[in-house]
Structure formats: C-alpha cells, structure tokens
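Here are a few worked exercises to try with the model open beside you. Have a go at each task before reading its solution.

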Amino acid sequence: MTTEIRLRPATREDLPVLDLLNNSGPETASAFGWFGWNDPARLTRRWEENGLLTPDSGNLVVAEGDEVLGHVSWHRSQQGPLNHSWNIGAGILPQARGRGVGTTAQRLLVRYLFAHTQVNRIDASTDVTNAAEQRALEKAGFTREGILRGAHFRNGRFHDMAHYSILRHEVALD
C-alpha cells in the first residue's frame, strides 16, 4: 500500500460506493456479505438523518487517499442490564481485498471505539467458511471464542458463525 488506510465519516459522494457494497449483488458484496436487495434510498435517508453515526451504531468509510475502499460499521449489543459491547463488521470492495485493507480497517475501528466509548468488549462474527475474514480478525487482535450454530440466515439457509472478540486491555491506545 502506498498511502495510509484511514477511516472517516461518509459524505454524500461516498453513498454510491457504500450502496454498491450493500445493494449490487454477491459479486461486489461477496458471497458472505450478500443478504438480498434493499430499498435503494434507505442509505441516503439514513445519511441525511444522522450522517450514519448514532449513539447506538455507526458506519465509517475506509479510504486510501481519496479512494473509497469500503466501510466499517458497528452496533450496540446489549450484555445484560448494565452494559453493552459493540458488534463490528466490514465491507471491502473487491479490488481492495486480499491486501490487508480489512485487517487495517478493523484494527483502526477497534482503536477508535475504545478511545471514544466506554465499552470493554468488541465482537465480530463471520461465516465459518469465510477463512479470509477469520484471518483478518485474528491479525487485528481478535480472539476466536467459538461457533454460533445456525445463527445467520443467508441465501435460503442458516449458517454457522465463527465468533471473535477483543477486550479493552488487549489494545494499546497510545
């Protein structure tokens, strides 16, 4: 990589690229990220309402220089009556896959969330057959916790998910 991978809030100009990852079919979203067609105006409405950033969830663009490579997202996952964790995800465009962009983006998102929110835990899940994402999570510092059997519905059937987490004390915020 010649320039630095960074995260930033989405702009209106980014929305077509983000929509590509969510609403253009499995060739772009990947077999693991395709869940069927969505309302094509939904993303724009959400961006106009809150910039894709709320107290309970968020979505940031993954960029290299001026080029949008994908996005990372998080949402609140309640962990009992007193606290919550964040559950994160990433979508990387096909041309940016396989060169560490997803690992770097997830590492940056973890540091951002631990630096700016009071959670102690961040978790992520991926299809048990998605070896590339499992490697990316492990390289980003996540620990595999186990398998969530039949937890994810995609493409007409339920899939097992590999579940990962990282704790605040495992990340240097310097």
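**Exercise 1.** In this predicted model, work out how the axes of helix α4 and helix α5 are arranged, and which residues meet.

*Solution.*
- Start with the two elements: α4 covers residues 101-116 and α5 covers residues 131-139.
- Next, take the distance and the angle: the axes come within 8 Å and cross at roughly 45°.
- Now classify the angle. Roughly parallel would need an angle under 35 degrees, and roughly perpendicular one of 65 to 115, so α4 is oblique to α5.
- For the handedness, α4 passes α5 in a right-handed crossing.
- Then look at who touches whom: α4 supplies Thr-103, Gln-106 and Arg-107, which meet Glu-133, Ala-136, Leu-137 and Lys-139 of α5.
- Sorted by class, this contact has three charged, two polar and two nonpolar residues.

**Exercise 2.** Find Trp-86 and decide: is Trp-86 buried or exposed? Then describe its surroundings.

*Solution.*
- Trp-86 sits in strand β4, which spans residues 84-92.
- Its relative accessible area is 3%. Buried means under 20%, so Trp-86 counts as buried.
- Beyond its neighbours within four places in sequence, the contacts of Trp-86 include Pro-55, Trp-74, His-75, Leu-113 and Ile-122.
- Take Leu-113 from that list: Trp-86 and Leu-113 are 27 residues apart in sequence, and their C-alpha atoms are 8.3 Å apart in space.
- Finally, look for a polar partner: the side chain of Trp-86 makes a polar contact with the side chain of Thr-117, at 3.0 Å.

**Exercise 3.** For His-71 and His-163, identify the strand, the burial and a polar side-chain partner of each.

*Solution.*
- Begin with His-71, which lies in strand β3 (residues 67-78).
- With a relative accessible area of 7%, His-71 is buried.
- The side chain of His-71 makes a polar contact with the side chain of Asn-59 at 3.4 Å.
- Leaving aside neighbours within four places in sequence, His-71 is also in contact with others, among them Leu-18, Leu-21, Val-62 and Gly-89.
- Turn to His-163, placed in strand β7 (residues 157-167).
- His-163 has a relative accessible area of 14% and is therefore buried.
- Its polar side-chain partner is the side chain of Ser-125, at 2.6 Å.
- With neighbours within four places in sequence set aside, the contacts of His-163 include Arg-121, Asp-123, Glu-145 and Leu-148.

Conventions: Residues are numbered from 1 along each chain as its sequence is written. This is a predicted model: local features need pLDDT of at least 70, side-chain atom pairs count only at pLDDT 80 or more; totals for chains, interfaces and linings use all residues. Side-chain values use heavy atoms; hydrogens and water are left out. Helices (H or I, at least four residues) and strands (E, at least two) are DSSP runs, numbered from the N terminus. Buried means under 20% relative accessible area, exposed over 50%, partly exposed in between (1.4 Å probe, protein chains only). A polar contact is a pair of N or O atoms within 3.5 Å; within protein, one must be able to donate a hydrogen and the other to accept it, and residues adjacent in sequence count only if both atoms are side-chain atoms. Contact means heavy atoms within 4.5 Å. Axes are lines fitted to C-alpha atoms, for helices over the stretch in contact, and angles run from 0 to 180 degrees between N-to-C directions. Angles under 35 degrees count as roughly parallel, over 145 as roughly antiparallel, 65 to 115 as roughly perpendicular and the rest as oblique. A crossing is left-handed if the near helix is turned anticlockwise from the far one by less than a right angle, and right-handed if clockwise. Ala, Val, Leu, Ile, Met, Phe, Trp, Tyr, Cys and Pro count as nonpolar, Asp, Glu, Lys and Arg as charged, and the others, Gly among them, as polar.
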